[in-house]
Amino acid sequence: MNEVSSILPRQGQKVESGGIADLRSLLNRALRGKPGVIEQVLACLLARGHLLVEDLPGLGKTTLAKAVAHGIGGRFARVQCTPDLLPGDITGFSVFNQKTREFEFLPGPVFADVLLADEINRTTPRTQSALLEAMAERQATVDNVCHTLAPTFFVIATQNPVEHHGTYPLPEAQLDRFAMKLSIGYPERDDEVELLACAIGDLTNSPELSQVLEREELIGLQERVAQIAVSANVRTYLADLARATRAHRQVTLGLSPRGLLIWQRVAQAWAFLKHRPFVTPDDVQQVALPVLSVRLGLAPDATGGVLKQILESVPVPV
Amino acid sequence: MAPDMIAPDTSPSTPPLTRHVTLALLLLASSATEIAAVETRPLPISVGLAALWVGLAALGARFAPTPARTRRLPYLALLFVVIVLSAAPFLVEPLRRSWFGVGYPLELQLVFALRNLGLGFVVFASWPSCVRLAGVASLFLMLFSVTIAAHPVVRIFLGIYCALGSIWLMLVYWTGLRRYFVASDATVKLEIQGGPERWPWLATCVVVGAVAAILALVAVGPERVARIAWEWLPTSGGTGAFDPYARGGVNDGDDETKGNDPRSTGMTQTDMFLESPLPSLYDVINDLYGEPFKPKERAPALPLDIRSKANESQKPPADNLRPNREFPTTRKSPSAPREPGDRKARALFEVQGRTPLHVRVVAFDTFDGVSWREAPVNMTSCLFIAEPVGHWIQLRDTRPDAIFAATEAHQFKITGSNGALLPTPPHLARFRVGRVDKTEFFCWGQDRIILMARRETPTGIVVETESQLVDANLLICAGFSVPREGILFAGLPNNLNPKIAALAQEWADPYPRGWPQIAAIQERLRADLVLDWTARVPDDCGDPLGHFLFDSGRGPDYQFATAAAVLLRSLGYTTRLVSGFYVAPENYDPQSRHTPVVHEDLHFWAEVRLPSGDWLIVEPTPGYDVLQPGPSIFARVWESILDCLVWASGHAIELTLGLVAVGSLLWWRREFLEAAARTFLRVFPGPNWQACVRRVLWLLEWRGGWAGRPRRSCQTFPAWIRGALAMSIAPNSEIDQLLLMADWAAYANDLAPPWSATHVRDICGQVVDRWPLSRWRNETRGKPGA
């Protein structure tokens, strides 16, 4: 029998004392009134996935990314994606060192711990694809030399859903590398009032951010998440859901096996955040929307209820 | 396994044209079936009926749900509707038989079930599979109709059906193809890595069954199979079983009469029944009523009847005036008195239809005080007219009476020799003997008594009749003319006891002339005198009628009939005495659904002549009745309700107890079931803590369903219960803990649970006790659905 305590303490104890709880608190301070979004960001982080945030300008996408970067204490890099951005601007490039008479590799932003790719759909597919290898395999190959990225490499990409002029929609291959797509949405009225109150006297309008989690600590948490148990019936349930996405009439591109693996990992992270050493179908369902919305191709006539239909069409194991 | 390349399920539902053509096919097939079912029915009615059913199906199709995914099978609920439709003919048939007295044979019920099945499929024609099934049903209906119907219109329908069927096949094929055509911009191929292919069990079973059936057929031989199949068909033929609603078949009595089947014996074609050694009716009369005797004369000899004397002197007496053609009313007691169960004789004929019924055999005209003489033959104003279709022979009066209420159908199956008599009910409108459609085959005996001309009535034939029933209310308006002096059926004995005429006057005086007077005489005789089969007049009695009326007050039925006839004649009504058979309802044989008529059913009654020349039965004998018009459908329903009420009142205690028990069981069914489930949980909590939790969750699922909050299949137990109860779950309460346990039990694999098995059982017990159905109802009331 597995030792539960090695993965997760008993009910009632705080697993992430000084860790996840502090990070959660930090993020909630940075992005007010969005605890649900914060939970999903945390799940994505613990699942070692990458995050695509799609929302209108000014809703806190960049703030959120910076807060995550500061919270986990890693190196933060930001790339403002534009049409003239080149792949080398992301991965880095080799320059000739006059002193040593050798080419020297100058690492690009992908070598940071948290990379914010702002308005990713404004850059060309060529540059977008530079991120493919980095996101999937956590390495970058420049001039036939493979460079390993940071183990906590975490991409937060943002895109604007309303402006389409001069944009390059992310290809499916790129989308499938993201674990989740989130939409932050407008804050509630009370939260906005509080936001205004906090901004009085603050010159920069940016909350104080401090490191709350060591990198090693995060890696440890990610390892524990990977050990969260997924019983056979839940695995079957996940597989059935994947098949249901492929069979649905209004879904033109179903869930890939890579997407299925990510779904399971995110569900594990979700269970971890709920202090549970195993995954339930509820975890699977609760993370289904952000996980599936980034990677399912929907028919032009698809309505908003497709994901709900898929979830309702598969009976849960009880 | 190789990946399976499929197109997304964008298949359209059945196009309207295909549905319309399917409807047209079913209309044709249903019309043909209706025609085949009752070929004698007018064509427009058959087609109209079929159109009605198909129209209802078309109407239903407008409201039928459309499928989300046509490739899937229809919803199970819809299949249930179709099955109910197909079972409907079998459910309706007993009601039809009991209420209307008509019915369809089993094979037609099966065909109607198939018709309903086809119509049901048409209702759900949005599913292509249903359209195909409807088409197959229509094809079978058409084949059936063509096989059994001889109506020429069915052939025409078949031609149209074939033409339309070709179009239907093309449309269905095209519909099938359309499922694989999707717009090029929407074409996406998905790789579906299926699991291991399932073995096609259904197809395997069908193939194995077919092979086994062929082997069995070869092994036992086709003849035996045919015989077994024959046993399944309820005909009135060679199986020995008899179904009055069955269609005709080989060895069926009807077909024997028609002689249209070479395998039938064709009794009407032979003369083997012409000579019959059986005793005559008069021998039977002597057996039943006793030997006649001549009374000892105390008074001077009676003056001779001048008329008969004149006849006697001028020429040989007419057939009816011969000495052996009379019925003396002075008789000894019968040697074997009548007993209700003493009916051993073979039936002379069997009657199908409503009873009681009077079947005339001999009519008597002259009464000399002691004996009745037969009436002369062939003196009727009624004509035989052969109908152009249907082989019916109609009886037409010059001035028909307006006293009839309804028409009644009977069938007389001749089973024994009865001379040339063709048994028919009174007020006959028309009759049919197989396919004998020539009036020359029949002749009149005495008035309104039909005989076969120049031959005896063959055994085995069936006489179908339609007669009219007298409405007692209309009789009051009927006129009964005063007979002219000297005509038949009006003469009184010269030595008639004056007290008899006085008695008639006394009984009839309070009433106006006509039916009220006749009814008064009839009722007084029935009420005041006693039927006694063994009563006899004294040997020296010269006035048996007077003795019966004034002295003994008891006698057999001929005395009642004689009294009625003489009393009515003395009042000036044209009256005759009739002997014949009384088809009593008590003799009905429920097994064969016939009423057999034997010699013991011989009976005497009186008849009064109506203005048209027809004769109206006067039944003065107590215990004997005249067939009245049947009750209407509402009256029958009311009568059955009353019967039910009577039965219920006789079993009031048992019924009340049963109803209370059933009602309580139904009303508190959930409570009963819950109590049973709780008891079960207490006795069998489960082999381990996971099973215990699971069983309690099942109980909660029941309760939630009964409280109107069923769990959907996509919900886990915790999600469902938290959604249904919303804020009612206190943290760390027993149900909160149970939900945690539920997750552990279902999804935690072999992780060590953070609680002991005893604790789990305690919590389960608390939840079972603290969350009964009533609490579920209270907690979920007014809350939005989960």
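The following paragraphs describe the secondary structure, a sheet, the nonpolar cores and a helix pair in a predicted model with chains A and B.

We can begin with the overall make-up of each chain. Chain A holds 14 helices and 11 strands, and 43% of its 318 residues are buried. In chain B there are 24 helices and 19 strands, while buried residues account for 34% of the 786 residues. Contacts across the sequence can be described in a similar way. Among contacts with a separation of 6 or more, residues 24 or more positions apart contribute 79% in chain A. The corresponding share in chain B is 76%.

Chain A offers a sheet to look at. Five of its strands form an open, parallel sheet, arranged in the order E2-E5-E8-E1-E9. Strands E2 (76–80) and E9 (180–182) of chain A lie at the edges and have a single partner strand each, so one side of each has no neighbour in the sheet. From one strand to the next, the twist averages 20 degrees. Within this sheet, strand E5 (residues 114–118) of chain A pairs with strand E8 (residues 154–159) of chain A in the parallel sense, over 4 bridges. Val114(A) is found opposite Phe154(A) of E8(A).

The nonpolar cores come next. The largest nonpolar core comprises 118 residues, of which Val68(A), Val266(A) and Val693(B) touch the most other members. Helix H22 (residues 734–747) of chain B makes the greatest contribution to this core, with 9 residues. Beyond its neighbours within four places in sequence, Val693(B) is in contact with Leu738(B), Met741(B), Ala742(B), Ala745(B), Val760(B) and Cys764(B). Another core, of 74 residues, lies apart from the largest one and includes Ile285(B), Ile450(B), Ile518(B) and Ala563(B).

Val693(B) also takes part in a helix contact. Two packed helices are described by the angle between their axes and the distance between the axes. For helix H20 (residues 689–706) and helix H23 (residues 757–770), both of chain B, the angle is about 10 degrees and the axes are 9 Å apart. Because angles under 35 degrees count as roughly parallel, H20(B) is described as roughly parallel to H23(B). On the H20(B) side, the contact is made by Trp689(B), Cys692(B), Val693(B), Val696(B) and Leu699(B). H23(B) supplies Ala757(B), Val760(B), Arg761(B), Cys764(B), Val767(B) and Val768(B). Taken together, the residues of this contact comprise 10 nonpolar, no polar and 1 charged.

Notes:
Residues are numbered from 1 along each chain as its sequence is written. Chains are lettered from A and ligands numbered from 1 in the order in which they are written. This is a predicted model: local features need pLDDT of at least 70, side-chain atom pairs count only at pLDDT 80 or more; totals for chains, interfaces and linings use all residues. Helices (H or I, at least four residues) and strands (E, at least two) are DSSP runs, numbered from the N terminus. A residue is buried if 20 or more other C-beta atoms lie within 10 Å of its own, exposed if 12 or fewer, and partly exposed in between; C-beta atoms are placed from the backbone. Two residues are in contact if their C-beta atoms, placed from the backbone, lie within 7 Å. Axes are lines fitted to C-alpha atoms, for helices over the stretch in contact, and angles run from 0 to 180 degrees between N-to-C directions. Angles under 35 degrees count as roughly parallel, over 145 as roughly antiparallel, 65 to 115 as roughly perpendicular and the rest as oblique. Ala, Val, Leu, Ile, Met, Phe, Trp, Tyr, Cys and Pro count as nonpolar, Asp, Glu, Lys and Arg as charged, and the others, Gly among them, as polar. A nonpolar core is a set of buried Ala, Val, Leu, Ile, Met, Phe, Trp, Tyr and Cys residues joined through C-beta atoms within 7 Å. Two strands pair if DSSP finds at least two bridges between them.
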